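Let's work through a few exercises together, with the sequence and the 3D view open beside you. Try each task before reading its solution.

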Amino acid sequence: MKNHVLALAFAVAVSGCSGAPQDLEAQLKALVIAVFASKGQVALGEALKRYEEGDYAAAEELLQNALEHGVEPADQVVAHKHLAFIQCAAGRMQQCRAQFQLALRANPAIDLDPAEAGHPAWGPVFRSLAR
């Protein structure tokens with residue numbers, strides 16, 4: 001099955017590319033990524049978009065979907081961190097703490113960005129766990 005999809009991806013990329021060989025390579029990579037992107041990766045991308053738009057209920061659901069479908073460890077950190085932000089902002093401190101613990105389990109070396117670390121709801125929770 002994968003060989004058929006790769007052949008199709010290559011044929012589509014070749015037929016749609018009129019530029020230089022590096023253009024063909026970039027188009028092929030983009031197409032292969034699009035074809036093989038996991039459901040988890042797609043859900044994570046949409047979740048982060050919804051989070052930035054302030055649609056936290058949808059973001060929370062999509063972040064959970066991303067984790068259920070499977071994402072790389074670095075993306076697990078991102079998902080758990082954003083779930084923690086949502087939980088803390090909603091006053092659900094126990095769930096916030098649990099999400100930060102999961103993020104730290106996926107990568108014990110993570111830290112928050114300065115703007116994130118200074119947030120009054122989740123900054124202190126994260127600092128209490130990241131010691």
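**Exercise 1: Two helices that cross**

Task: Find the handedness of the crossing of α3 and α5, then describe how these two helices meet.

Solution. Step 1: the crossing of α3 and α5 is left-handed, meaning that the near helix is turned anticlockwise from the far one by less than a right angle (clockwise would be right-handed). Helices here are DSSP runs of H or I with at least four residues, strands are runs of E with at least two, and both are numbered from the N terminus.

Step 2: look at which residues make the contact (heavy atoms within 4.5 Å). From α3 come Gln41, Leu44, Leu48 and Tyr51, and from α5 come Asp75, Val78, Ala79, His82, Phe85 and Ile86.

Step 3: two packed helices are described by the angle between their axes and the distance between the axes. The axes of α3 and α5 come within 11 Å and cross at roughly 35°. Such axes are lines fitted to C-alpha atoms, for helices over the stretch in contact, with angles from 0 to 180 degrees between N-to-C directions.

A word on the model: it is predicted, so local features need pLDDT of at least 70 and side-chain atom pairs count only at pLDDT 80 or more, while totals for chains, interfaces and linings use all residues. Residues are numbered from 1 along each chain as its sequence is written, and side-chain values use heavy atoms, leaving out hydrogens and water.

**Exercise 2: The faces of α3**

Task: Which residues of α3 are buried, and how are they arranged around the helix?

Solution. Step 1: locate α3 at residues 39-53; its 15 residues reach 21 Å from first C-alpha to last, close to the 21 Å expected at 1.5 Å a residue. The expected span is 1.5 Å times one less than the number of residues.

Step 2: list the buried residues, which are Gly40, Ala43, Leu44, Ala47 and Tyr51. Buried means under 20% relative accessible area, exposed over 50% and partly exposed in between, with a 1.4 Å probe and protein chains only.

Step 3: look down the axis of α3. Its buried residues fall within an arc of 100°, so they line one face of the helix; the arc is taken from the directions from the helix axis to the C-beta atoms. This buried set packs against α4 (56-69) and α5 (73-89).

Step 4: turn to the other side of α3, where Val42, Glu52 and Glu53 are exposed. Just after α3, glycine 54 takes a positive phi of about 85°.

**Exercise 3: Two residues of α5**

Task: Are glutamine 87 and lysine 81 buried or exposed, and what do they touch?

Solution. Step 1: glutamine 87 is found in helix α5, and so is lysine 81.

Step 2: glutamine 87 is buried because its relative accessible area is 6%. Lysine 81 also counts as buried, at 13%.

Step 3: leave aside neighbours within four places in sequence. Glutamine 87 is then in contact with Glu60, Arg92, Gln95, Cys96 and Gln99. Lysine 81, by the same rule, touches Phe100, Ala103, Leu112 and Glu116.

**Exercise 4: The whole protein**

Task: How many helices and strands does the protein have, and what percentage of its residues is buried?

Solution. Step 1: count eight helices and zero strands. Step 2: of the 131 residues, 31% are buried.
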